[in-house]
Amino acid sequence: MTTLNRKHLLGLEGMSAEELNLILDTTETFKEVSEREVKKVPVLRGKTIVNLFFEPSTRTRISFELAEKRLSADTVNFSASSSSVKKGETLRDTAENIEAMKIDMIVMRHSSSGAPHFLAGLLRGSVVNAGDGAHEHPTQGLLDIFTLRQRLGDLQGKKIVIVGDVTHSRVARSNIFGLVTLGAEVVLSGPPTLMPPHIERLGVKVEPDLRRAVDGADAINVLRIQLERQQAGMFPSIDEYATVWGVNKEVLARAKPETIVMHPGPMNRGVEIAQDVADGDHAVILDQVTNGVAVRMAVLYLLSGGEMAKGDEENEIREPVEAKAREGQEAA
């Protein structure tokens with residue numbers, strides 16, 4: 001498989017292992033591009049991408065903008081706080097007016113689950129979900145999986161523990177869909193009040209006792225505790241959460257000696273993750289941020305059909321991308 005036969009990236013649910021591996025293999029090539037002195041390639045020259053963010057974002061928005069610029073696309077940033085949305089304009093009208101300006105792709109973050117799916121059914125251009133409510137965050141899931149694959153190799157049979165507020169986490173859902181599809185053993189841990197009912201139907205295990213959950217773990221992915229949940233009484237206190245479900249050195253001692261610790265950010269240091277763990281040798285948190293740019297470059301490139309800008313640099317990307325895809329196909 002050398003092309004991604006999808007117009008949109010709305011989630012990792014239902015995505016095949018072949019599709020996931022194509023994105024991950026393509027990411028390898030764009031990671032090499034990101035490590036050059038000149039980090040720009042012309043593969044999306046002439047394309048216009050709008051970043052349509054209805055929620056605050058730092059890492060995801062900057063990462064997408066960097067990815068777009070490194071692919072030579074024209075980028076437009078939309079902020080709901082300074083737009084006609086404040087005057088009562090609907091999501092549909094906003095998106096259709098933007099598309100009327102002849103854009104090619106929309107990267108969208110929204111507080112309502114399903115909002116990107118709604119737009120995908122209306123618009124001619126591609127839609128990339130940059131996080132929708134408590135549903136999915138597919139590019140975060142992909143960058144987490146890419147980081148795991150870099151450190152652990154083949155994920156088949158690897159034990160990945162996801163800790164924290166799974167109920168409200170779009171990051172957790174995308175990770176679950178992707179990791180289960182690639183054959184990993186996924187274990188969830190956290191307060192029962194923050195664990196969705198019947199989540200085991202997705203092919204995961206639930207172990208409320210964090211010390212038991214991390215026994216033999218290859219990786220621990222720590223979710224941000226949304227402190228606003230504390231006001232809703234979802235767990236007794238911040239101190240108790242840190243004591244029972246916070247990832248500290250005592251918890252790490254129960255996992256494999258080479259286990260890695262991940263976090264999608266932003267971190268509540270001293271709550272879901274201890275400071276010495278966040279800054280310690282097991283943490284790959286900044287690697288996740290770095291990998292996020294390459295993953296988003298790969299997604300944007302593949303959704304565009306892998307079309308090349310004409311010029312001397314054309315084969316510079318096409319050949320390594322297709323070679324990586326062939327390698328992944330042969331390995332499978």
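Two residues are said to be in contact when heavy atoms of theirs lie within 4.5 Å. With that in mind, a good place to enter this predicted model is the residue F64. Leaving out residues up to four places away in sequence, F64 touches N51, V107, V128, A130, T139, R296 and L300. F64 itself belongs to helix α2, which covers residues 59-70. Its relative accessibility is 0%, and F64 therefore counts as buried, since that word applies under 20%. One of its partners, T139, is 75 residues away along the chain, yet the C-alpha atoms of F64 and T139 are separated by 9.7 Å.

From this single residue, the view can be widened to the whole chain. The protein chain has 13 helices and nine strands. Of its 332 residues, 55% are buried. Among contacts with a separation of 6 or more, 74% are between residues 24 or more positions apart.

The strands can be taken sheet by sheet. Four of them form an open sheet with parallel pairing, in the order β2-β1-β3-β4. At its edges are β2 (74-79) and β4 (126-132), each of which pairs on one side only. From one strand to the next, the twist averages 15°. Strands of a sheet pair through backbone hydrogen bonds, either parallel or antiparallel. In this sheet, strand β1 (residues 48-53) runs parallel to β2, and six bridges join the two. Within that pair, I49 has T75 of β2 as its bridge partner. On the other edge, strand β3 (residues 105-110) is joined to β4 by five bridges, again in parallel. Here M108 stands opposite N129 in β4. Strand β4 is mostly covered, with seven of its seven residues buried. Two residues that F64 touches, V128 and A130, fall within the span of β4, 126-132.

Five strands form another open sheet, also with parallel pairing, in the order β7-β6-β5-β8-β9. Its edge strands are β7 (205-206) and β9 (260-262), and each pairs on one side only. Helix α5 (residues 138-152) packs on this sheet and touches β5, β8 (219-222) and β9; the direction of α5 makes about 170° with that of β9. Inside the sheet, strand β5 (residues 159-163) pairs with strand β6 (residues 185-189) in the parallel sense over five bridges. K159 stands opposite E185 in β6.

Helix α5 also has a helical partner. Two packed helices are described by the angle between their axes and the distance between the axes. For helix α1 (residues 17-34) and α5, the angle is about 75° and the axes are 10 Å apart. The two helices are therefore roughly perpendicular to each other. On the α1 side, the contact involves L20, N21, I23, L24, D25, T27, E28 and K31, which meet L142, I145, F146, R149 and Q150 in α5. By character, the residues of this contact divide into six nonpolar, three polar and four charged.

What lies in the interior? The largest nonpolar core has 60 residues, and those with the most contacts inside it are F30, L148, L188 and L300. Helix α12 (residues 285-303) supplies the largest share of this core, ten residues. Apart from this core lies another, of 26 residues, among them V163, L252, V277 and A283. Returning to L188, its contacts beyond four places in sequence are I162, V166, I176, M195, I199, V204, K205, V206 and E207. L300 is familiar too, as it is among the residues that F64 touches.

A few points of backbone geometry complete the picture. The peptide bond from G265 to P266 is cis, with omega near -10°. P266 is placed in the loop between β9 and α11 (275-278). Positive phi values appear in S72, near 70°, and in H198, near 60°; neither residue is glycine. S72 sits in the loop between α2 and β2, whereas H198 lies in the loop between β6 and β7. Are these two residues buried or exposed? S72 has a relative accessible area of 17% and is buried, while H198, at 53%, is exposed.

Technical notes:
Residues numbered from 1 in each chain as written. Predicted model: local features only at pLDDT ≥ 70, side-chain atom pairs only at ≥ 80, totals over all residues. Heavy atoms only, no water. Pairing = 2+ DSSP bridges. Helix = DSSP H or I, 4+ residues; strand = E, 2+ residues; numbered from the N terminus. Axes fitted to C-alpha atoms, helices over the stretch in contact; angles between N-to-C directions. Parallel < 35°, antiparallel > 145°, perpendicular 65-115°, else oblique. Nonpolar A, V, L, I, M, F, W, Y, C, P; charged D, E, K, R; others polar. Core = buried A, V, L, I, M, F, W, Y, C linked by side-chain atoms within 4.5 Å. Buried < 20%, exposed > 50% of the residue type's maximum accessible area, 1.4 Å probe, protein only.
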